[in-house]
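Let's walk through this one together, going from a single helix out to the place where two chains meet. Have the viewer open and follow along.

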Amino acid sequence: MARVLGISAHYHDAAAALVVDGEVVAAIQEERLSRIKNDPGLPLTAAFACLQHAGLQPADLDAVAFYEEPFAKLERVLVHLLRHLPRTWRAFPRALAGQLGSKIWVLDHLSEGLGVPRDRVVCFDHHRSHAASALLVSPYEHAAVLVVDGVGEAHATTIWDGRGGDLRLLASVDFPHSLGLLYAGLTAYLGFAVNEGEYKVMGLAAWGQPRLREPFAKIVRLTGDGAYELDLACFAHMSDADLGFGPALERLLGPRRPPGRPWDFTRDDDRHYADVAATLQAVLEDILLGLARKARALTGADHLCLAGGVALNALANARIQAEAGFARVFVQPAAGDAGGALGAALLAARDRGDPRPGPLRSAALGLPIDASRAHAIARELGLPARRVDDPAAHAARLVAAGKIVAHARGRFEWGPRALGQRSLLACPRDPATRERMNRLIKEREPFRPFAPAVLAEKTGDFFAAEPDDMTPFMTTTARVHEAARERLGAVTHRDGTARLQTVAAERAPELHAVLTELAALGHDPVVLNTSLNGAGEPIVAGAEDALAFWLRHGVDALLVDDLLIERTP
Amino acid sequence: MSRDLTGFLARLLSPLAWRGPTRSARKLYAFALAEQGSMLDLRLAAARTPSPARAAAYLRHADDEARHAQMFARRAARLAGEAARPFVLPPLRADSERLFELLGEREFLAFVHVGEERARRQFEAYVTWFKGQARDQDAALFETILGDERRHGRYTRELLFELAGDLEARRALRRVGRWELGRRWLRAGRFVAERVYLVLTLALYVLAAPLALLVRLVRPIRPGLRAEGSRILPE
């Protein structure tokens, strides 16, 4: 029986995950504690927080597992810098500084930073860590595992056969051909920040039509074996990590969209950019569908696990679930690079003879929130804070009255989605709520949708879906019933879908209680659920973050466990 | 840096620093980043201090810094749009220096106090200069923020003396002054080292050019799905 800490770092979304005796005890992204969005730094704060939560010291660890192989990555970086010479002259000094300055020493830095003997620090292949993060916490004994991201050491897409705790690599597509980098390049072309704006592109897709198939057929080509090939002239990720796309892309699709310009769909050019997003989404889905079918053919499995940053594309996941021929599909909530920490920890635990953990029931793997501390600080701030006996009933009453409630209860979530532990909750009926949420708090583009959370047993009343292995983690979408669209006006996207979360008591008890109370009040057991954070900030973690959010944003009420603060008009 | 020198340099360099919308936008963006970085440090301090009263003070201060960052960033974005060649500034992404953990609470407070006082002197010089140039909007921006900077300077001094006592507080202020000097020295060293590194790596790049041919021959790009055959992981 082993105690293993998994670590991902040095690209984006650094994280730590603790596995004790084969069970996932804690998993935390560094950004939640450092308060730096997508913090890529060595996640020592998150690592110590995981250990403290479990009552362990670094000396108690049997292994620290890093999610990729530093020297294999160095080899890929050097090979590509040299292959694309002289185009890489600008990237060369920075890439070399990054590799030689910190990345290749990461195992030593972990040993020093945590105070763990160097021989206890191990590493695993990037895509293998991703694959393990999905398979080993999935409910499946035998599954195909499809990993799709930007790039690991060399692979950009991999197909695995997962049986029990074993993973066998079957096929791969290697960098620089990469769906993650295709999406990143087009994200930059559309004027959004790479590694952050991909969700915006997905939301934008519903506002356009996939009418640009012809130019896209030149940008990315299906190879006939289920894989794909990029026209590398359209991209710059081989030579310049900052830019993402090349002039050939602009020759095909027109000039890039200026970043920061407000969106206006009465403009011809903004409608064109929406068409670019819609076509990208359609093409991506086609390719992923081909890869998923290939994975099914290679493994003969009835179940599919998806991992890697591209697996956070909820629209594509829904289409794979519907059309790829698998009975069930699972996406681990932190499917991006953060999830690699969990996968590496599980692989190291398995290597030390630990059993495979049970299926992941809840994403609430972070730290709890301290209501007493929040109360003490709130008093000093002169806020009207009071402890309440039934916080869920209060939250439900406020939501029913059309208020926006900041809901910080229990342990915070693992992954980019707020699943009720650190959420902003509101009535899903009125589209005006969406406008208010956007204007007062999120400062988001108007085309981005908000998501609904629904009582699991009532899912079919509102959506053309039932709870499955993805809906508890908000990694898929479903069509909203025509009859329910008016009642769910604030959470139904332009294309009639919603990225729903089904809420069961054992997975998100606090949110389940709120939905149950709403039903008891005679309302639909559905809430608008969006992440508890301001624009450009990580989701709230502790009591101080929740209070800082309250000071900065005009929400109507804040619940920190049983502490309620209401804004007086 | 001495009290007079900060103001003197700000007055001296203002014509250069604020010349035209492009430079002004970049300078204001830098201020926005600094304010956001300060906000991060104060939020972390609020989470670390054992005192709820000081946590509340840090949170209020952090809220002001967030507002300042937003004000600077908005004005910077507007000026960037007014430049002869309009440009877009990247989203604000400041880093935290984790000063509370690095210095401890006394020195942290001393550091924040010294920083606020320096900003106040600098901003006062800018307000005078902008008024002289009839740039009322920029003068108003700095004047608004100045009010907060004065308050921050006062409360951090009071908190520091309350927490550490008179003698220790003065020692902390001196220690922070020395620490800042050392930090400036390191920054200057890093600036020089980065340029030397750049030249050396570019020289290395040129020398490595023959390897490029070899890499293209031996390690060509292979598109499509590559079957792994019998390669089984783990071994």
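In this predicted model, the buried residues of helix H2 of chain A have plenty to pack against: within chain A, strands E1 (3-8), E2 (15-20) and E3 (23-29), plus helices H1 (30-34) and H5 (106-114), and from the other chain, helix H2 (20-48) of chain B. The residues in question are A:Thr45, A:Ala46, A:Ala47, A:Ala49, A:Cys50 and A:Leu51, in a helix that spans residues 44-54. Step just past the end of H2(A) and you hit A:Gly55, with a positive phi of about 70°.

That touch from chain B belongs to a wider contact, with 52 residues from chain B and 60 residues from chain A. Together the two chains bury about 4,800 Å², and 59% of that is on carbon and sulfur atoms. There's polar chemistry too: 19 residue pairs in polar contact and six salt bridges. Look at B:Arg43 with A:Glu537, a salt bridge whose closest N and O atoms are 3.6 Å apart. On the chain B side, at least two residues each come from H2, H3 (52-82), H6 (136-207), H7 (209-218) and strand E1 (226-227). H3(B) gives the largest share, 10 residues.

Now swing round to helix H1 of chain B, residues 3-17, where B:Phe8 sits. Is B:Phe8 buried or exposed? Somewhere in between: its relative accessible area is 43%, so it counts as partly exposed. B:Phe8 joins B:Leu5, B:Leu9, B:Leu12, B:Leu13 and B:Leu16 in a nonpolar surface patch, with about 520 Å² of accessible area together. As for the spacing, an α-helix has 3.6 residues a turn, so residues three or four places apart point the same way.

Definitions and conventions. Residues numbered from 1 in each chain as written. Chains lettered and ligands numbered in written order. Predicted model: local features only at pLDDT ≥ 70, side-chain atom pairs only at ≥ 80, totals over all residues. Heavy atoms only, no water. Patch = residues over 30% accessible without salt bridge, like charges linked within 9 Å, V, L, I, M, F, W, Y side chains within 5 Å. Areas by Shrake-Rupley, 256 points an atom, 1.4 Å probe, with all protein chains shown as cover. Salt bridge = Lys/Arg side-chain N within 4 Å of Asp/Glu carboxyl O. Helix = DSSP H or I, 4+ residues; strand = E, 2+ residues; numbered from the N terminus. Buried < 20%, exposed > 50% of the residue type's maximum accessible area, 1.4 Å probe, protein only. Contact = heavy atoms within 4.5 Å. Buried area = accessible area lost by both parts, 1.4 Å probe. Polar contact = N/O pair within 3.5 Å; in protein donor to acceptor, adjacent residues only side chain to side chain.
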